[in-house]
Amino acid sequence: MYKLYTDKQEIFECDIQIEGASLNNSNARLIIETEDLALLFKGTINSSGKCKIPVKRLKGLLDENVKGTIKLEVIAEDTYFTPWESDFEVDASKKVQVEVKSQNKEVIKESKPSIQVKNVKEEITVKEKNHVLNILKLLIKEDINLKNVSFRKNKLNHIVATYLDKYPINESQKDKIVSGVISGLSKLK
């Protein structure tokens with residue numbers, strides 16, 4: 001059985017002797033036939049009868065383990081001959097086989113890069129700074145500081161509620177404004 005390969009180009013070679021016709025005017029071709037497909041590769045015959053037919057890689061044309069018939073056709077001065085024919089099988093010249101011995105070993109986990117961001121100082125906008133300053137002024141006016149805030153929490157809640165009714169702020173601003181007010185109060189003596 002003749003072997004053809006999906007992953008390498010090869011050259012089909014043979015010696016041809018023709019009687020009653022000239023080799024110079026002769027042509028050779030290789031026919032590869034499967035159930036679904038027929039491929040033709042043209043070759044040459046030199047003056048000493050050496051026949052060479054390049055067979056390209058068959059990847060994409062024929063799959064591995066496909067079987068069929070391969071035959072050599074020679075045309076010599078308007079006469080057609082089929083001097084050789086054989087069965088063929090398609091194979092790969094390079095193969096890799098893997099045998100897994102055991103799967104009980106520790107599984108290797110895929111590690112992906114991770115990033116942690118800490119101590120990000122968010123920029124406070126002018127509008128947020130104004131809110132912080134206005135609330136601080138109101139708290140200072142009512143003599144509220146970090147030392148007495150727990151005793152004066154009702155007054156603090158009333159001041160903040162009244163301010164928010166007059167100047168509403170959105171959720172994204174709250175944390176920055178509260179941090180700014182606490183920072184401002186901590187700086188007061």
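Which residue stands opposite threonine 44 in β5? In this predicted model, the residue of β5 that stands opposite threonine 44 is lysine 52, and this pairing is a convenient place to begin a walk through the chain.

Seen as a whole, the secondary structure comes to 3 helices and 7 strands, and along the sequence these follow the pattern β-β-β-β-β-β-β-α-α-α. The chain has 189 residues, of which buried residues make up 29%.

We can return to the strands with β5 in mind. β4 and β5 run antiparallel and are joined by 2 bridges, and they form a hairpin with 4 residues between them, where glycine 49 in the turn has a positive phi of about 95 degrees. On its other pairing, β5 meets strand β2 (residues 10–15) in the antiparallel sense over 6 bridges, with glutamate 10 standing opposite valine 55 in β5. The two faces of β5 can be told apart by their residues, for Cys51, Ile53 and Val55 belong to the covered face, whereas Lys50, Lys52 and Pro54 belong to the uncovered one. Lysine 52, which stands opposite threonine 44, is thus found on the uncovered face, while valine 55, which stands opposite glutamate 10, is found on the covered face.

Strand β3 also has two pairings to follow. It is joined to strand β4 (residues 38–45) by 6 bridges, and the two strands run antiparallel; in this pairing glutamate 33 stands opposite alanine 38 in β4. A hairpin through 4 residues joins β3 to β4, and the loop between these two strands is also the place of aspartate 36. Because its relative accessible area is 72%, aspartate 36 is exposed. Aspartate 36 and leucine 62 are 26 residues apart in sequence, and their C-alpha atoms are 10.0 Å apart in space. The other pairing of β3 (residues 26–33) is with strand β6 (residues 67–76), to which 8 bridges join it in an antiparallel arrangement. Here alanine 28 has valine 74 of β6 as its bridge partner.

The loops on either side of β6 each hold a residue whose backbone deserves attention. Most residues other than glycine have a negative phi. Asparagine 65, however, has a positive phi of about 70 degrees although it is not a glycine, and its place is in the loop between β5 (50–55) and β6. With a relative accessibility of 51%, asparagine 65 counts as exposed. Glutamate 77, in the loop between β6 and β7, likewise has a positive phi, of about 45 degrees, although it is not a glycine. The relative accessible area of glutamate 77 is 41%, so this residue is partly exposed.

From the backbone we can turn to the aromatic side chains. A pair of aromatic rings is described by the distance of the centres and the angle of the planes. In this chain the count comes to 4 aromatic pairs. In one of them, the ring centres of tyrosine 2 and tryptophan 84 are 5.8 Å apart and the planes stand at 75 degrees, so the pair is edge-to-face. Because tyrosine 2 lies in strand β1 (residues 2–5) and tryptophan 84 in strand β7 (residues 79–91), the pair ties together parts that are 82 residues apart in sequence. Tryptophan 84 counts as partly exposed, at 27% relative accessibility, and together Tyr2, Phe12 and Trp84 form one aromatic cluster. Another pair is made by tyrosine 163 and tyrosine 167, whose ring centres are 4.8 Å apart and whose planes are at 40 degrees, so the pair is tilted. At 6% relative accessibility tyrosine 163 counts as buried, whereas tyrosine 167, at 37%, counts as partly exposed. A ring can also have a charge over it, as lysine 8 lies over the face of tyrosine 5, at 4.7 Å from the ring centre.

The helices come into view at the second largest pocket, which has a volume of about 230 Å³. Of the 14 residues that line it, Ile135, Val160, Ile177, Val178 and Val181 are the closest to its centre. The elements that give two or more residues to this lining are α1 (126–141), α2 (153–166) and α3 (171–187), and α3 gives the most, with 6 residues. The lining of this pocket divides into 13 nonpolar residues, no polar ones and 1 charged.

Methods
Residues numbered from 1 in each chain as written. Predicted model: local features only at pLDDT ≥ 70, side-chain atom pairs only at ≥ 80, totals over all residues. Heavy atoms only, no water. 1 Å grid on protein atoms, 1.4 Å probe; cavity = no way out; pocket = protein on both sides within 12 Å on 5 of 7 lines; lining within 4 Å. Points joined across faces, edges and corners; volume = space filled by probe spheres on them. Nonpolar A, V, L, I, M, F, W, Y, C, P; charged D, E, K, R; others polar. Phe/Tyr/Trp six-rings, centres within 6.5 Å; stacked < 30°, edge-to-face > 60°. Buried < 20%, exposed > 50% of the residue type's maximum accessible area, 1.4 Å probe, protein only. Lys NZ or Arg CZ within 6 Å of the ring centre and 35° of its normal. Pairing = 2+ DSSP bridges.
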